[in-house]
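Me: Hi! Could you walk me through this structure? I'm new to this, so plain words please.

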4 protein chains.
Amino acid sequence: MQYKKDEMRQSILNSGEEAFLNLGFTNASLRKIVNNASTTIGNFYNYFDSKEELFKALVVHDYKKFMRLLTEHNTINRPDYLWEESNPKVGRDVLSHFITNIIPEFGNGFILLIQSSKGTQYEDTRELLINEVRNHFIEHIERFGENDNLITYAEIMASQFVDGFTKIFSDYQDKEVRQKLLIDHLLFYMIGTMGIIGDF
Amino acid sequence: MQYKKDEMRQSILNSGEEAFLNLGFTNASLRKIVNNASTTIGNFYNYFDSKEELFKALVVHDYKKFMRLLTEHNTINRPDYLWEESNPKVGRDVLSHFITNIIPEFGNGFILLIQSSKGTQYEDTRELLINEVRNHFIEHIERFGENDNLITYAEIMASQFVDGFTKIFSDYQDKEVRQKLLIDHLLFYMIGTMGIIGDF
Amino acid sequence: MQYKKDEMRQSILNSGEEAFLNLGFTNASLRKIVNNASTTIGNFYNYFDSKEELFKALVVHDYKKFMRLLTEHNTINRPDYLWEESNPKVGRDVLSHFITNIIPEFGNGFILLIQSSKGTQYEDTRELLINEVRNHFIEHIERFGENDNLITYAEIMASQFVDGFTKIFSDYQDKEVRQKLLIDHLLFYMIGTMGIIGDF
Amino acid sequence: MQYKKDEMRQSILNSGEEAFLNLGFTNASLRKIVNNASTTIGNFYNYFDSKEELFKALVVHDYKKFMRLLTEHNTINRPDYLWEESNPKVGRDVLSHFITNIIPEFGNGFILLIQSSKGTQYEDTRELLINEVRNHFIEHIERFGENDNLITYAEIMASQFVDGFTKIFSDYQDKEVRQKLLIDHLLFYMIGTMGIIGDF
DNA sequence: GATGAATGAGCTTTCATTCAT
DNA sequence: CATGAATGAAAGCTCATTCAT
């Protein structure tokens with residue numbers, strides 16, 4: 001009954017994903033999850049060792065990919081040069097290309113990691129990502145000379161950038177809409193950053 | 001110990017504030033709160049009628065002020081004309097003046113209202129504020145002609161703006177630092193918005 | 001132990017019935033109930049959604065039957081003509097027949113409804129029944145001309161009649177004994193009523 | 001401040017009486033009682049050693065009188081001969097005289113003892129009284145020859161008689177109304193009893 | 001005499017997890 | 001594979017009583 005088993009497992013995964021996204025890890029109760037998956041609390045433990053293991057199964061793939069992105073940092077083809085690009089049309093085009101590659105990289109697992117992992121071993125992921133983004137912002141800021149105030153603000157910017165990025169994935173499933181919003185999002189941060197760096 | 005009543009009340013308020021900020025309303029348990037306040041659950045109810053009443057005591061002042069700001073909306077001297085201002089120095093100065101007036105208006109109660117009120121009667125406050133900000137963004141965007149994509153993005157911007165604004169109050173207590181960050185924050189959003197409106 | 005499920009459920013029902021009968025709904029604590037049923041508080045909630053649901057399970061059947069009796073009121077073959085009957089032997093016989101049909105209609109659920117339902121959604125049942133009986137008494141009284149004093153006393157009579165009726169069911173399980181007592185009870189009230197109507 | 005003290009004590013007694021009558025001993029909380037008495041929980045214990053002592057203070061006088069009545073049983077001038085009286089007018093007159101003497105004997109303490117003493121040391125009082133009345137009924141029944149069925153029913157009659165008697169005191173404060181109802185009540189039971197003894 | 005802060009046991013209910021069947 | 005009975009800890013809250021002031 002391997003086939004059947006896989007179906008059940010998938011059903012639990014789907015139900016868990018939905019519950020975690022809507023309620024967060026702690027507030028999503030196993031009872032609701034198994035009810036939605038049309039199975040029982042006892043049977044749940046035939047598929048997963050604990051509530052946290054279910055969460056892990058939902059995010060582990062994206063988490064690894066995400067950690068690879070963070071550590072392999074420099075090998076990624078990032079459109080950083082855009083920060084110095086002055087022709088807006090070129091900007092949109094390159095970003096569009098870049099975003100198209102990014103989109104499939106982040107699934108619901110990513111959203112769970114950032115928005116719903118409080119109470120799990122992954123609860124620091126958002127912090128980690130924000131820190132990475134923050135350092136990235138600081139890099140750019142520092143090219144224009146030290147500015148303590150801006151470096152402090154980089155922390156704020158970073159957390160907002162990450163949350164906005166996640167929110168787009170979370171609130172909009174349509175690929176085209178997502179892409180447009182992500183481009184706006186990146187542009188917004190590039191322009192905003194350059195703006196406060198240049199003090200207008 | 002009767003003569004200590006105010007001290008105990010303050011101790012519970014402090015412990016509650018800390019717990020609500022760190023864990024949110026629902027996950028902050030009364031047992032943790034009273035342990036931190038060095039008292040007992042039974043005694044807690046000599047000071048507050050319920051967990052929610054403790055929360056209310058922490059936010060009600062800021063909530064009223066906040067609602068007044070929202071409803072008296074148009075009477076507030078907002079630096080909106082800055083959106084069309086081209087001299088950056090003027091921008092910083094006017095904003096500085098505006099921010100200085102805003103700062104003392106928002107205490108920790110404001111942070112609780114935005115970040116930790118889920119499960120209380122105040123849980124819609126963040127939504128309310130985001131909506132207000134979103135409409136404000138849309139106003140400016142529409143001056144430059146309809147743009148469905150940007151109007152969708154206004155939702156994202158607004159929630160980020162509010163969360164960033166709150167984060168500044170939450171992470172930085174020093175008044176001067178706060179002020180500088182808030183100015184950066186406002187500038188960042190003004191520039192970013194104008195940027196994506198103009199498509200570079 | 002799954003195979004024992006029905007036994008456990010029955011055990012809780014029995015324990016609950018006993019506790020509700022002895023202490024009333026509010027004062028019967030879940031702890032006592034589950035202790036008597038040899039299980040735990042947590043397990044109780046595998047069988048019933050709440051304390052009130054346990055009560056409901058014990059009375060709902062009798063409650064529906066009871067409400068049907070009240071609403072179908074006129075279709076029931078009541079021995080009312082007996083009030084004018086002068087031959088005592090006929091009285092006992094007809095009553096006996098009537099009572100025999102009533103007896104199986106009321107189980108322990110009926111006793112719970114009348115005696116132990118304070119604090120539940122059924123707490124008005126006794127009042128309802130007393131009112132019905134009171135109106136019935138008044139009907140008979142008014143055939144003999146208005147008598148304000150007696151009409152006031154009808155309230156007392158009705159509540160006593162109902163409580164006595166319930167007490168018979170509560171204190172005596174044996175069907176034959178019950179039947180005899182119920183006949184005495186009805187006779188007692190018929191005679192008593194006629195007596196005070198006639199002022200001896 | 002003896003004067004003042006007596007006032008406070010009386011205030012607590014009044015508030016307690018009201019609460020016990022309305023809610024029963026267990027469900028009447030000290031908090032409500034002291035609030036209604038316009039004092040504090042701490043001060044309560046300056047006047048009474050415990051919740052039960054407050055109850056005791058409210059009933060002890062009536063309880064003693066009641067116990068005296070029970071033990072001095074035969075010395076009371078009871079209208080028992082009425083059971084053999086055949087002229088109804090004489091019946092009402094004698095009863096009226098008897099009742100007039102009884103009424104002041106039973107105050108609210110008596111109602112508390114019968115209706116609200118569950119959970120206190122007096123919770124058996126109702127039982128005691130019912131038993132006494134039951135024996136009294138049986139005496140009369142046995143004059144007409146053994147009748148097991150009636151003797152069993154005497155238990156029912158007795159509890160109803162007592163509850164009805166108490167209900168009249170509890171529901172009607174007006175002396176004249178009370179008197180009329182009590183007469184009806186006694187007559188009702190005399191007639192009813194004679195009726196079922198005689199089998200019509 | 002009066003206050004109300006403090007205590008600890010009790011209440012009903014929810015939860016993740018274990019395990020016999 | 002699947003079931004759901006059983007457990008025990010924790011949740012928010014109420015209560016009678018004690019006691020320092």
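Reply: Happy to; we can look at a pair of helices and then at how two chains meet, keeping in mind that this is a predicted model.

Me: At roughly what angle do helix 1 and helix 4 of chain C cross?

Reply: Their axes cross at roughly 95 degrees and come within 10 Å. Angles from 65 to 115 degrees count as roughly perpendicular, so helix 1 of chain C and helix 4 of chain C are described that way.

Me: Which residues make that contact?

Reply: From helix 1 of chain C you have C:Ile12, C:Leu13, C:Gly16, C:Glu17, C:Phe20 and C:Phe25. Helix 4 of chain C brings C:Leu54, C:Phe55, C:Ala57 and C:Leu58. By class, this contact has eight nonpolar residues, one polar and one charged.

Me: New topic! What turn lays chain C on chain D?

Reply: A turn of 177 degrees, with a shift of 0.2 Å along the axis, and the RMSD is then 0.7 Å. That is the relation of a two-fold axis. In chain C, the C-alpha nearest the axis belongs to C:Gly192, 2.0 Å from it.

Me: And how many residues does each chain put into the contact?

Reply: Chain C gives 28 residues and chain D gives 27 residues. On the chain C side, the elements giving two or more residues are helix 1, helix 5, helix 8 and helix 9. That side of chain C divides into 12 nonpolar, 11 polar and five charged residues.

Me: Why do we say the copies meet through the same surface?

Reply: Because 96% of the interface residues of chain C are also interface residues in chain D.

Notes. Residues numbered from 1 in each chain as written. Chains lettered and ligands numbered in written order. Predicted model: local features only at pLDDT ≥ 70, side-chain atom pairs only at ≥ 80, totals over all residues. Axes fitted to C-alpha atoms, helices over the stretch in contact; angles between N-to-C directions. Helix = DSSP H or I, 4+ residues; strand = E, 2+ residues; numbered from the N terminus. Parallel < 35°, antiparallel > 145°, perpendicular 65-115°, else oblique. Contact = placed C-beta atoms within 7 Å. Nonpolar A, V, L, I, M, F, W, Y, C, P; charged D, E, K, R; others polar. Least-squares fit on C-alpha atoms with pLDDT ≥ 70 in both.
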